[in-house]
Amino acid sequence: MAGALSQHRTGIVLVVAAAVAWSTAPFFTRLLPFDSWTILFWRGLFGGGLIAAILVLTQGRAGLRELTGMGSNGWLVASLSTLGMVCFIPALQLTSVSNVAIIIATGPFVTAALAWIWLREAAHLRTMLASVVALCGVAIIVGDARIGSDILGIGLACVMTLAIAAMTVTVRRHKNTPMVAAAAWSNVLGSIVSIPFALGMWSVAVTDLFVFAMFGFFQVAIGLTLFIVGSRLLPSGQASLIATLETPLMPFWVWLAFHEAPTSRALVGGALVMGAVIADIIGDNSTSTDAA
């Protein structure tokens with residue numbers, strides 16, 4: 001029981017760290033004057049390459065075997081992750097950021113539903129209530145989100161949300177299967193898909209390549225790897241809820257680097273999201289401690 005409790009807490013720490021890493025995306029994007037597909041290409045190339053290098057350096061031939069023979073479950077995770085990445089960019093181009101953010105914020109509910117259907121893993125009422133509060137917080141952050149005629153962008157955002165939810169549940173279902181190689185391949189696949197659309201792919205300077213490398217390492221390699229490793233230790237709905245910390249943390253890095261003060265909406269909404277996640281974690285730890 002103590003071992004399971006320790007693993008659960010480790011999962012919380014890893015997913016929180018993943019959300020922090022993911023939240024650096026606006027910071028790096030501000031530094032790169034390129035179209036979204038060019039950013040996806042180079043970010044994925046560096047991110048996937050760095051994950052693969054770390055895997056081989058830390059595990060040697062075993063890491064190489066994971067990369068070359070990760071099995072059908074690993075390819076499923078990689079494919080779902082890639083689908084989520086490549087849907088995100090055109091969704092932002094075809095509809096408003098507000099619409100995309102609101103749809104993504106429904107992730108904990110979609111993930112919990114898939115986990116119940118596939119794993120019969122019932123989400124705690126506390127986690128669902130916290131997810132409702134977090135969803136309200138995201139709605140406040142992005143402001144007036146309206147569903148217009150841009151149905152294709154909204155549809156792509158829904159596909160992305162469903163893909164990431166399915167990825168989270170798949171990792172949980174096969175939690176004893178090594179999945180880090182899947183994170184590497186998902187980035188490589190994302191780079192391959194972006195090639196036909198990346199207008200500035202070969203017009204990057206050496207300094208830009210350095211920024212891309214940092215983007216790939218911190219935001220992609222660290223973020224995706226930590227989430228994949230951490231989410232296998234947590235109920236799927238809770239992992240998805242904790243990942244929503246990414247949204248309120250995004251303005252922090254922009255403020256820190258570019259002195260762009262967050263709006264009052266961002267502060268109020270961010271406080272709601274963080275409060276919801278913290279309340280769920282504290283309540284979860286209290287329940288686990290009592291059970292132990």
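1. Let's start with threonine 29, which sits in helix 2 (residues 25-30). Bear in mind that this is a predicted model. Threonine 29 comes out as partly exposed, because its relative accessible area is 36%. A polar atom of its side chain lies 2.7 Å from the backbone oxygen of alanine 25. Setting aside neighbours within four places in sequence, the residues in contact with threonine 29 are Ile39 and Phe215. Phenylalanine 215 is a long way off along the chain: the two are 186 residues apart in sequence, yet their C-alpha atoms are 8.5 Å apart in space.

2. Next, helix 7 (residues 107-119). Does the length look right or wrong for its 13 residues? Right: at 1.5 Å a residue the helix should span 18 Å, and the end C-alpha atoms are 17 Å apart, so the two figures agree. Its buried residues are Gly107, Pro108, Thr111, Ala112 and Ala115. Looking down the axis, these buried residues fall within an arc of 125°, so they line one face of the helix. The general rule is worth recalling here: an α-helix has 3.6 residues a turn, so residues three or four places apart point the same way.

3. What does serine 240 touch, beyond its neighbours within four places in sequence? The list is Gly107, Pro108 and Thr111, and those three are among the buried residues of helix 7. Serine 240 itself belongs to helix 12 (residues 236-243). With a relative accessible area of 11%, serine 240 counts as buried, because the cut-off is under 20%. There is a polar contact too, side chain to side chain, between serine 240 and threonine 111 at 3.4 Å.

4. Have a look at what comes just after helix 7, where arginine 120 takes a positive phi of about 55°. Arginine 120 also lies over the face of tryptophan 116, at 4.4 Å from the ring centre. A second case of an arginine over a ring involves arginine 30: its charged end sits over phenylalanine 258, 5.6 Å from the centre of the ring.

5. Now the aromatics. How many aromatic pairs does a search of the whole structure find? It turns up 15. One of them joins phenylalanine 217 and phenylalanine 218, with ring centres 5.1 Å apart and planes at 75°; that angle is over 60 degrees, so the pair is edge-to-face. Both rings belong to partly exposed residues: phenylalanine 217 has a relative accessible area of 26%, and phenylalanine 218 has 37%.

6. Phenylalanine 252 and tryptophan 255 make a pair of another kind. Their ring centres are 6.0 Å apart and the planes meet at 40°, so this one is tilted. Both residues lie in helix 13 (residues 246-258), three residues apart, which is about one turn of the helix. Phenylalanine 252 is partly exposed at 37% relative accessibility, and tryptophan 255 is partly exposed as well, with a relative accessible area of 41%.

7. Last point: there is an aromatic cluster to find in the viewer. Phe34, Phe41, Trp42, Phe46, Trp202 and Phe212 form one cluster together.

Methods:
Residues are numbered from 1 along each chain as its sequence is written. This is a predicted model: local features need pLDDT of at least 70, side-chain atom pairs count only at pLDDT 80 or more; totals for chains, interfaces and linings use all residues. Side-chain values use heavy atoms; hydrogens and water are left out. Rings of Phe, Tyr and Trp (its six-membered ring) pair if their centres lie within 6.5 Å; planes under 30 degrees apart count as stacked, over 60 as edge-to-face and the rest as tilted. Buried means under 20% relative accessible area, exposed over 50%, partly exposed in between (1.4 Å probe, protein chains only). Helices (H or I, at least four residues) and strands (E, at least two) are DSSP runs, numbered from the N terminus. A charge sits over a ring if NZ of Lys or CZ of Arg is within 6 Å of the ring centre and within 35 degrees of the ring normal. A polar contact is a pair of N or O atoms within 3.5 Å; within protein, one must be able to donate a hydrogen and the other to accept it, and residues adjacent in sequence count only if both atoms are side-chain atoms. Contact means heavy atoms within 4.5 Å. The expected span of a helix is 1.5 Å times one less than its number of residues. The arc is that of the directions from the helix axis to the C-beta atoms.
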